[in-house]
Amino acid sequence: MKEINFPYGDINRDILRTLEKPSVKYLILMTLVVSGLMVGVACWAWQLKEGMGVAGLNHPVGWGVYITDFVFWVGIGHAGTLISAILFLFRAKWRNAIFRSAEAMTIFAVMTAGLFPIIHVGRAWVAWWLVPYPNQRELWVNFRSPLLWDVFAVSTYFSVSSIFFCVGLLPDIAIIRDRAKGLRRKIYAMLALGWDSSNHQWRHYMAGYGFFAALATPLVLSVHSVVSWDFAVSIVPGWHSTIFAPYFVAGAVFSGMAMVMTILIPFRKIFSLEKYLTIWHFDMMSRLVLLTSSIVGYSYLTEYFIAWYSDDPFEGFIFWERGFGKYAAPFWLMIFCNMIAPLPLWFKKIRHNLMAVFWITVLINVGMWFERFNIIVSSLAQEFDPFAWGWYMPSMIELGITFGSFCWFFMWFFLFIRFFPSLAITEMKEIAKPPMRDAKEAH
Amino acid sequence: MSHHHHSDYVEVISAKGPTQLSGRMKGIFITMAIVGIAAFALGLLVDQKAAWIAYLHNFYFFTGLAAGGLVVAAIIQVARAMWGRPIKRFGEAFGAFLPLTIILLLPLWFFGAEHLYEWDEWPEMKAQYEQMDSLKSQLASASGEAKKELEVNLNMAEAWESVEHKYHHKVWWLQRDFVFGRVLIYLILLTLLGIKFMNLSRRPDLGLANEKNPDLWPQPAGWGDLDAEVGKAQAGMSKWGVLYCFAFAFLISMVSYDLIMSLDFRWFSTMFGGWNFTSYILISWGTLYLVATNLGDSSGLSKYFHKLIYHDLGKLVFGFTVVWGYLFFAQLMVIWYGNLSHESGYLITRIHHDVWAKYGWTAAVMVFAIPFVLGLGKKRKMKPKTYSVVILISIMGLWLERFVLIAPASWHYIRTPGEGEVAGYQPGVEMLLGLDLVVFLGFLGIFCLVVSRYLFKLPLMVISDPRLDEGVNRH
C-alpha cells in the first residue's frame, strides 16, 4: 500500500522520540496549561466558598455551562473507542497510526467530563451520594432518573476504555522497558506486567484485544445515548425527541474526530511524524467527519421538520425561538460550524490541505460546544409557562472553569506523550513492510 | 487454509453470454405474481380496505428493498470494500425494480388513499363545515333517514373545527395530491440516481465482456479504451454512490413520513425516518445474503465467492440487527418514559392492544431476539444454508414490523359506516394478514421477474472492477 512507506527499523526510534528529554517548547507549553488549570481551580474554589450563586445558574435555567461542558467532554471521548474498537473490527488499516492518541484522548476527555457533575452539584464533598450504596437510613439514589444511568454509563465506559487502553499499551511499554535504564527501567518493567513478546503471550493478547473491541463497541453507542436521555425522556419542548440517542452518538463521534484531528495536526508537525501520520490518515478522518456531520445535519433538519409537522405549539415555539429568539447567535454559530464549515471537506484538495483541515476541525469543536449549550439553555429558558421564563448568561466563574477544563485535558495529554508512545509501535510494525522481505523476494 | 487462486473469472463469465431465468423459475415467479394479483383483486371485491392495506404494505416493503439493494452496492463502492465486489452486481440489480415503483404508486394515489388515510376525509369534512348553518336549519325540520344523514354530516363539520384548530400545518401538508405528488417526485429522484449508478457500473463490464466475446455481448455505444472506461466508471460510481447514499437516507425518510407515519396523523416521531431507512439497509444485506447463496450455486459462481464473504455479510446482518434493536429501544424508551398521550397511544395500540400486540412482539422477536442469539457465532454465519433460515426469519420479521406500523391505523379507521364488513361481519386481522401474505407473494414474484430480467443480461460479477480480484482471492 503506497500510503505505508516507512522502514521497519525506524519505527522504534521515531515514535519513542517524544519520550526523550523534553524541549524548552514542551516545558513552556506545560507551564501554560498548568497555569490555565490553576485559573479553573481558583474559580472552582471560589464557587465552593461562595456557593452556587457565583455561577449564572438560576431559575428556570438550572443547567447551563457545566452540563454543556459535561456533554461536550463525554462527546469528545467517543472518537477514541470508535477508532480503536469499531475500526479495529472493520479492519481499517488507517486506524493503526492514530488509535493510541485517540484512546488516550478518550480517557482524558472522560476524566474531564467526570469533573462536571461534581462541580455542578455544588456541594462537591457529598458527590459520592451519587453512588448507590447500602446505608442505615435505607436511602437510595433515584434509579428512575437518567442522571443516575449516566453515573453507570460513564463509569462503565471509563473502566472499559482504560482497561482497553492499558492492555493495548503493554507490548509498547515492554519496548520502552527494554531500552530504559535505572529507575525508569524499574517503573516501566512494573507497568509492562512481565511482557516478553512470546508467541504464547501474543496469542492471548490478540484474542483478548478482539474481545475488548467487541465489548467496547456497544459502549460507544450506550454512553451518549444515556446522556441524550438526560434530556429526551423529559417532556421539555426541544428535548423530548426520539431521535436524540442516535443524534447524540453521531454528534459525539463528530466532535471527537474533530478533536483528534485538531490535536494530531500540530502534534505531527512538532515531532516530525509526517512519515507515520500521512495525508492519507487525515483524508480518512475527514471522510468520517463528513459522514457524521451529515448525520448531525440530518438530525437538525428532522427536528425542525417534525417540530413543524407535529403542530405541537410548544415544540414549534422552541424551535422558532432557537433560530430567531434571544439565543439565536449560538444557534447560527452551531449551524455554521457543524453543517456549513465541514462542507469544503467534500473536496480532495481541502482534505489534503492540513491547515484548512485544522481550522475546520477547530470550528467543529466550537460548534459542537454550542450545540449542547443551545439544546440545554434555550429549552429551559422558555418552557411551557411564559410567566416562568428567564434568561441565562454564563458567569465568569463558569467560563473560568470551562477554560480550566481544557487546560486539564491538555495537561494530561502532554504528560501522556512525554511518558508513553503516542503511536502504537507494534501496530505500526504490523503494517510496515517486514525487514527481511526484500531479501527473500530476491531469491 | 489453502485457497485456490482464481484468475479465470473474466473468461468464464464472458464466455457464458447473457442468460435467462430458467423456465421453471420463471414459471414459479409468474405463478406467484398471478396469485398475488388475483388475491388483491379478490380483496378489492370483498374488503377494499384490507386489499389496500396489503398493497401499501408490500409496495412500501419492496420499494425499500429495491432502493436498499442499490444503497448496499453503493456502500461497497464508496467504502472501497474489496470483500463485497463479487456480489455487488446482485445488490445493484434490485434497483431495476425502482422504475416500477413509480407506476405502482399511482393506484395508491387515485384509488387506495381514501381507504387508508384518515386525513383524506378532511376536504369532505371541510365542505360540510362550510355549510354548517344550513345543515343545522335542515336538521330542525328533518326526520328519519334524512335526519340520520344530516347528523353524520354535522358531526363531520364539528370534527373539522377541531382538526383545523389543532393541526393547521398538517391540513396543508397532508392533502392527497400534494402528498402523492411529493412521493412521486421522491421516487423519480431515487430512480434517476439509481439508474445513473447502475449504468456507470454495467457499462465497463459489458464492454470488457464484449472485448472477450464480441459474438455474445453487445458493445456499449461509443465504447473507448477499456482502461479509460473503467477508470471513468469507478470515479463516477464513487461520486454518484455517495450522492445516492445521501439521497436514499433523505428520500426514504420523507417517503416514510408521508406514506406511513401520516397513517396515524396525530402521531410523530423524529426517529421514524432514520429507523425506516436503517431497517431497509438491514433487509437488503439479508436479501443479498440469500441471493448470493442461491444464485451463486445455480450460476456456478459460488467458487468465486470466498467462504468469508458469507461471514462478512453475516456480520453486517448481525451488526444492523443490533442497530435495529438499539433504535427500536431508543424510540420506545423516550416515548414510554415521556408518557404523553399523543405519543404513547401509537405504542399502546401496537404493543398492548389485544389484536396487535402479538404481532408487534412477534416482529421484535423475529427481527432482534432470534437473529441476535443465532448470529453470535462465526461458524453458523459461514454455513449459508443454515444462516439463510436465520436471515429469512429476520426479513419476514421486518416485513411483519412494517405491517404493524401500517395496518392498525387504517384498520380502525372507518370512513363510511359498514366499511370493512363482509356481509355484516367484520373479518379479523388474521384474514388481513393472510391476504397480505398472498399479496406479498405477488409482489415478490414481480420483483424477482424484473430484477432477474435486468441481472441476467449482464455479467453476474463486476468483472471490470479493479478491486474484484482482491475480493475473489482474499488473504
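Start by selecting Pro117(A) in this predicted model. At 25% relative accessibility, Pro117(A) counts as partly exposed, because that class lies between buried, under 20%, and exposed, over 50%. The residue belongs to helix α5 of chain A, which spans residues 99-120. Now add Asp230(A) to your selection: 113 residues separate Pro117(A) and Asp230(A) in sequence, while their C-alpha atoms are 13 Å apart in space.

Next, stay in chain A and color two helices, α3 (residues 65-76) and α14 (residues 354-381). How do they cross? Their axes come within 9 Å and cross at roughly 135°, so α3(A) and α14(A) are oblique to each other. The crossing is right-handed. To see the contact itself, show side chains on both helices: α3(A) contributes residues including Val65(A), Ile67(A), Val71(A) and Phe72(A), and among those from α14(A) are Met368(A), Trp369(A), Arg372(A) and Phe373(A). Sorted by class, this contact has nine nonpolar, three polar and two charged residues.

Then move over to chain B and pick out Phe180(B), Tyr244(B), Leu259(B) and Trp285(B). These four touch the most other members of the largest nonpolar core, a set of 308 residues. Which helix gives the most to this core? Select residues 48-78 of chain B: that is helix α3, and 20 of its residues take part.

Zoom in on Leu259(B) for a moment. Leaving aside residues up to four places away in sequence, Leu259(B) touches Leu56(B), Phe59(B), Leu105(B), Tyr117(B), Phe180(B) and Val183(B).

For a last stop, select Met132(B), Leu135(B), Leu154(B) and Ala157(B). They are among the seven residues of a second, separate core.

Note on methods:
Residues numbered from 1 in each chain as written. Chains lettered and ligands numbered in written order. Predicted model: local features only at pLDDT ≥ 70, side-chain atom pairs only at ≥ 80, totals over all residues. Heavy atoms only, no water. Axes fitted to C-alpha atoms, helices over the stretch in contact; angles between N-to-C directions. Helix = DSSP H or I, 4+ residues; strand = E, 2+ residues; numbered from the N terminus. Parallel < 35°, antiparallel > 145°, perpendicular 65-115°, else oblique. Left-handed = near helix turned anticlockwise from the far one by under 90°. Contact = heavy atoms within 4.5 Å. Nonpolar A, V, L, I, M, F, W, Y, C, P; charged D, E, K, R; others polar. Core = buried A, V, L, I, M, F, W, Y, C linked by side-chain atoms within 4.5 Å. Buried < 20%, exposed > 50% of the residue type's maximum accessible area, 1.4 Å probe, protein only.
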